[in-house]
Each structure stands twice: as C-alpha cells, then as structure tokens.
Amino acid sequence: MIRVEGLYHSYSHNEKYAVRDASFEIAKGEVFGFLGPSGAGKSTTQGVMTGLLPLQKGNVTVAGYDVKKAPRAMFNKIGVSFEQSNVYGKLTGLENLEFYRRLFDVPTRDPKELLELVGLDHVATQRAGEYSKGMKHRLTFARSMLNSPEMWFLDEPTTGLDPAIASVIKEIVKGEKEKGTTVFLTTHNMFVADELCDRVAFIIDGEIKLIDSPRNLKLQHGEQLVEVEYRDNGDVKKERLSFIDEKDMHHLNDIVNSGKVEMMHTKEATLEEIFIKVTGKGLQ
Amino acid sequence: MKLLYSFLKDMQLSLKGFYIYIEIGFALVFVAVMLLAVPEYFEPKVTVYAHLDLEGPYQAAAEESLTQEGYDIILLPSREEVETELANDRGSVGLAVGLEDGRIVYDYILQGYEDEKFRNIIKTSIESGFAAEMPGYENVTTVTTLEGNVEKLSDRLNMLPVFLALNAAFMGLFIIASYIFLDKEEGTIRAFAVTPAKVWHYLLGKVGVILVTGLLSGLIAAAFIAGLKAHYLHLILLLIATNVFGSALGLFIASFFNTMTKAMGWLYMSIIVLAFAAVSYYNPAFSPLIIRILPSYPMLFAFRETLYEAGNLGYIYANVLGFTLAGVVFFLLSNWRFKKTLTV
C-alpha cells in the first residue's frame, strides 16, 4: 500500500535534512507506527506521503500512486487526520463534515453517523469554534473517515484526549483495521503504538533506526523475567525469576502450584525503554 | 460541483463573518455622505464686495457686468466699507474700480491667503467681464473643443467611478489575501489539500465571494447615486471584469508570501499606487505616462462612461475584455504558484 525509498526532505533546500534516506514498505491492512520525539521527522515524512510537502528526493508510492505525479483522484483513497485540529470554527461540526464530503468522488459516510461514532452527535449543530480542544480533535479525526479511506494517515490521534475518549478512538482504529484499512500512525505515545501497531519504525533526527513488530522488539530487547508476589507462612514474599534459568523455572512452577500467588508480572521492556535503548533518546 | 460547494462554503463563512457587512455598510455610508453632505455641483460662490467709482455709461455697464459674472456681488459706497466687510467675511474678495485719465483702473483687495492661481482667475474673469460690457468692445475670442457635444457628469456623480474602482474592484485585492492567510492559519487549507478538489476550486470559490461582495457594494452605490442614469448591464459587466482582475492580482501577490504580515506591505502599496490614477481622473491636465499605465486609470474612465447617457461602448467593452483577460492570466499564474506553495 505504501512504498518509500530513499526519501530525503530539507525545508531549507540544502544538506540540512529533516528526513534522511527513509525507506520502508507498508502492506495492505497493516497498522504501521512511526515513533519518534517531536522534530524527529515524523510529520515531514507523512507530509510528503500525503502530498502536503513536495517530494524532493526519493520515491514514494501511496495506494498505487506515485506521489510525484499523483492525480487528485488519489485523495479519494486516502484520509488524513492532522495533529493540529483544523476545522472551520464558524461552521458547525455537521456543516464541516457536510462540506468536505462533497469534495470526494466516491461514496462517503454519513456525517451524523461519524459524529455519533466520535461522541460529538450532541454538539453537531454547534459552531466548531465553540468546541473544546479535544472535541475539535475528534472532529478532525471524524473528517478523515468521510471517504472510508483505504490508506489512513493518523497524526497523534489520541493526543489531548481524556483516557475514555482515547480508548474510543483506539477502538475505531482497530475496527477499521478489521475492515482492511491500512493505517500509518504517527505518534510519540508508546502505549498507543504498542496497542495498535503491527509494526513500528523508530525515527530520530530524520533517520529511521529500526523497523519491527512491538512483539519482536520486546523479545529482543526486554528482560526474560517474571516478578511474583506470594504468601508463605502468612508473609508476603516478592521474587524476580528468570524464564531462561531452569532452577528459576522450577521454583516458579512450585509457587504457582502452591496456589498462593497474589500478583505476577512479566518484565518485558516497554517500547519507550526499547526506543531509548536503541536511539539513546527519549520519546517526549 | 466542487467549485460550487467551495464557493457556497466560503459564502457561508463570509456571511458568518464581518467583512461582507463592513463592505456593504461602507457603501451605504458612502451613499449617505454623497447624498446628504456633498452638493451635486461644486460651485464655490465667492462674495465680492465692490466699490465702483465710474461715470455715466461705464458705471451702468460695470454694474451690469458684475451681476452677470456668477459672483455674489455686493456694491458698497466706499472702499473703506469694502475693507470692513472683507475683515468680517474671510471668504470674500474686494474690488474697487475707478477711472484714471479715462482708463479703467481695477484695485483688487484680497485677504492675503489666496494663491497665485486664484488671484489670476479672479483678475481675469472680472476684467474680461468688464471689458465685454464696455462701450466699443469687440469680441474676437472664439472657443473650440476637440470633442463636440461633450457630456458632463455632475460633480457628485463624477465621484462614483472612484468608489467603484477602489472599493468594488480593488478592495478584493486585499481581502482575498486575508481569506487565504486566515485559512492557512486555521490549517483548513491543509484539510482541503488532502481531498480530490483542485487548487483552482479553492481559489475560484474565494474569487466568487469577493465578486458577490463587490457587485453588491458597487450596485448599492450606483443605484442610490446614479439612479436610472447608469447603464447597469455595462456597469455590471465592467464590475465583474475589474473585480475578478483585482482578486486575481491579490492572489498573485499573496502567492509570494506565507503570512499576512509579510504580504501586507506589498498589498497596501499596490492599492496606494492604483489609487494615484484618481489624481489624473480629477485633474486631466496631470496625466503622466506613469499614471496612464496603471490599470486603475482606464478603469476609472470606463466606469465614468457607464454613467453617461451616451457612453462610449467601445471603450467600456475594451476595458471589460482587457480586465477579464488580465484577470485570467493572473489567476492562472496564481493557481500555478499556489499549487506549489499553498500547504508549504
């Protein structure tokens, strides 16, 4: 669905690249996470893929179109949810969606249904300028679904949302993935990436450092330990045991069989820990 | 259809904003000032306090002449009284006419602030008026105009083309740029850019809003000030052509900048430069090439032609065609530039 080869982009049109030699492929129906701190080159890469920034160097194919000479029809197949909410403040939520749906040449989803999906149906006829930041963000998100995109670009889709709403948004993304939508998810939120993505790319200072599935990364970079709390003669005991060491495995088995386990956690690494380990920098 | 939806959305935004109401309000204020405060003809009546010290037929002829000059003449019995009245009425001039060795002697008594041009006008008109009435005067002066049967507009109506050019045609130059930069600031331009709609749909939708606003304000002013004297078909076509030209020029200038602050200086300067044509419009004797090449110069005269009973249709439609073509060229250039810069 997406193929990026040797992508470079410089805002100052010189050797100071915001994105340097980025290459990756995304298969149809895959949720691909682009992880990196602010200024790492995530939005620039997405900007080039969505035609908002010119392709200066490299090859980029999106939904079967070469973005360098893509016709406007390409946008019937893609949807973009921006990090910064960008809706017409003087129009109502419903008017915003009604306007944008008319710009597509393909069947579009019912704006009222979309507003309901993101929990904005009760303010559908209210001016978007009067919405809270989170509500505007949800309206921007809903707008990106109007044309039921095959290729869906999501830039920080849960940023600024309360946990309950963020959970709704994540469920919507999962639902669209089930339908076969390909998702390019740009975020610095490791939990969102961990929960939604089939594969993630770590980008820092414009360069992609690695690409793999969250599971593989955890297996490769995490510790093979389990932390267990159990009762022993009335006392609560806490131990860290290895998955690899045979003696520890037998001991863990005995504890579990005793039926006195109160808490047990695997100690795999988080994506953020792996990111720091790989890049030497944090995600925030 | 995308163009229509884009236009309707911009119209909707415009009606929910201020600009369209400010523009219409300004047209109404202009109409009110023109009708209530500006006279139809500017004829400043200068009061002349005169003392005539002549004899026989000269005295009668001089009195006859003064009453025909179009001045407000008040004859006084002495020069001293003339000076007293002048002191009381600072807008007046004085005149003492006498005979010296059989020749008429004119003594002008002025306030002191009058410029040389005014002094010469007063001197020439009064002396020639007197001379014409004097016994034995033979008029050998003839006046010929290159254009026969020249139609004159009233002074009030003569101001309408300036409003139409600067407000109805060129105001869009500034406003369309502010619409674009507002969309850039809100980021809505990026949302539009990721739809199948084309850049020209976006730009032309905005041109349409400016056109509706310009037509409304222009026609309000024309309807109230010119009434049935204007030829509305010609006027509407000229308004459309000039308004589109103004908007396209505004788009072209805006395409070189990424913020309103950066573009403001150039846009403001453009309007000021275009406004210079009004100087030559009111004072045809001052029409240097630098002003005649401004697009606002023929525009003003074309608007004036639509107000004449028998306006020059060839001139009007040459302007309609010229401004339409120029508007199309600037629009195409803007579209080409904005394709590369609109979302960057």
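The following is a dialogue about how terms are applied to a predicted model with chains A and B.

Trainee: Why is B:Arg119 called partly exposed?

Mentor: B:Arg119 has 13 C-beta neighbours inside 10 Å. A residue is buried at 20 or more and exposed at 12 or fewer, with partly exposed in between. The value 13 lies between those limits, so B:Arg119 counts as partly exposed.

Trainee: Where is B:Arg119 placed, and which residues does B:Arg119 touch, not counting those up to four places away in sequence?

Mentor: B:Arg119 sits in helix α5 of chain B, residues 116-133. With that exclusion, B:Arg119 touches B:Leu110 and B:Glu114. Contact here requires C-beta atoms within 7 Å. As for B:Tyr108, 11 residues away along the chain, its C-alpha atom is separated from that of B:Arg119 by 9.0 Å.

Trainee: What makes β2 and β4 of chain B edge strands?

Mentor: Each of them pairs on one side only. The open sheet has four strands in the order β2-β1-β3-β4, with mixed pairing. β2 covers residues 72-75 and β4 covers 103-109. From one strand to the next, the twist averages 25°.

Trainee: How do you know that β3 and β4 of chain B are paired?

Mentor: Pairing needs at least two bridges. Seven bridges join β3(B), residues 93-100, to β4(B), so the two count as paired. The two strands run antiparallel. Among the bridge partners, B:Ala96 stands opposite B:Asp107, and B:Gly94 is matched with B:Ile109.

Trainee: What phi does B:Asp101 take in the hairpin of β3(B) and β4(B)?

Mentor: B:Asp101 takes a positive phi near 55° in that hairpin, which has two residues between the strands.

Trainee: Which strands of chain B does helix α4 lie across?

Mentor: Helix α4, residues 79-88, lies across β1 (47-53), β3 and β4 of chain B. The helix runs at about 170° to β1(B). Angles are taken between N-to-C directions on a scale from 0 to 180 degrees, so a value of about 170° describes directions that are almost opposite.

Trainee: What makes the pairing of β3 and β9 in chain A count as such?

Mentor: Four bridges join β3(A), residues 31-35, to β9(A), residues 199-204. The requirement is at least two, so the pair qualifies. These strands run parallel, and A:Gly33 stands opposite A:Val200 in β9(A).

Trainee: In what order do the six strands of that sheet in chain A come, and which are the edge strands?

Mentor: The order is β6-β7-β8-β3-β9-β10, in an open sheet with mixed pairing. The edge strands are β6 (78-81) and β10 (207-212), since each pairs on one side only. Neighbouring strands are turned by 15° against each other on average, direction ignored.

Trainee: Which helices pack on or lie across strands of this sheet?

Mentor: Helix α1, residues 42-49, packs on the sheet and touches β3, β7, β8 and β9 of chain A. The direction of α1 makes about 145° with that of β8(A). Helix α9, residues 271-279, lies across β3, β9 and β10 of chain A, running at about 45° to β9(A).

Trainee: Why is the set containing A:Leu35 and B:Leu160 called a nonpolar core?

Mentor: A nonpolar core joins buried residues of listed types, Leu included, through C-beta atoms within 7 Å. The largest such set has 137 residues. Those with the most contacts inside it include A:Leu35, A:Ala142, B:Leu160 and B:Ile176, so residues of both chains belong to this core. Helix α10 of chain B, residues 232-254, gives the most to this core, with 12 residues. A second, separate core of 10 residues includes B:Ala50, B:Ala62, B:Val82 and B:Val93.

Trainee: How many residues of each chain are in contact with the other?

Mentor: 25 residues of chain A are in contact with 21 residues of chain B. On the side of chain A, β6 and α2 (93-101) each supply at least two residues. That side divides into 15 nonpolar, five polar and five charged residues.

Trainee: Into which domains is chain B divided, and what separates their centres?

Mentor: Domain 1 is 2-39 + 154-341 and domain 2 is 47-133. Their centres, taken over C-alpha atoms, are separated by 50 Å.

Key:
Residues are numbered from 1 along each chain as its sequence is written. Chains are lettered from A and ligands numbered from 1 in the order in which they are written. This is a predicted model: local features need pLDDT of at least 70, side-chain atom pairs count only at pLDDT 80 or more; totals for chains, interfaces and linings use all residues. Two residues are in contact if their C-beta atoms, placed from the backbone, lie within 7 Å. Ala, Val, Leu, Ile, Met, Phe, Trp, Tyr, Cys and Pro count as nonpolar, Asp, Glu, Lys and Arg as charged, and the others, Gly among them, as polar. Domain bounds come from an automatic or database domain assignment.
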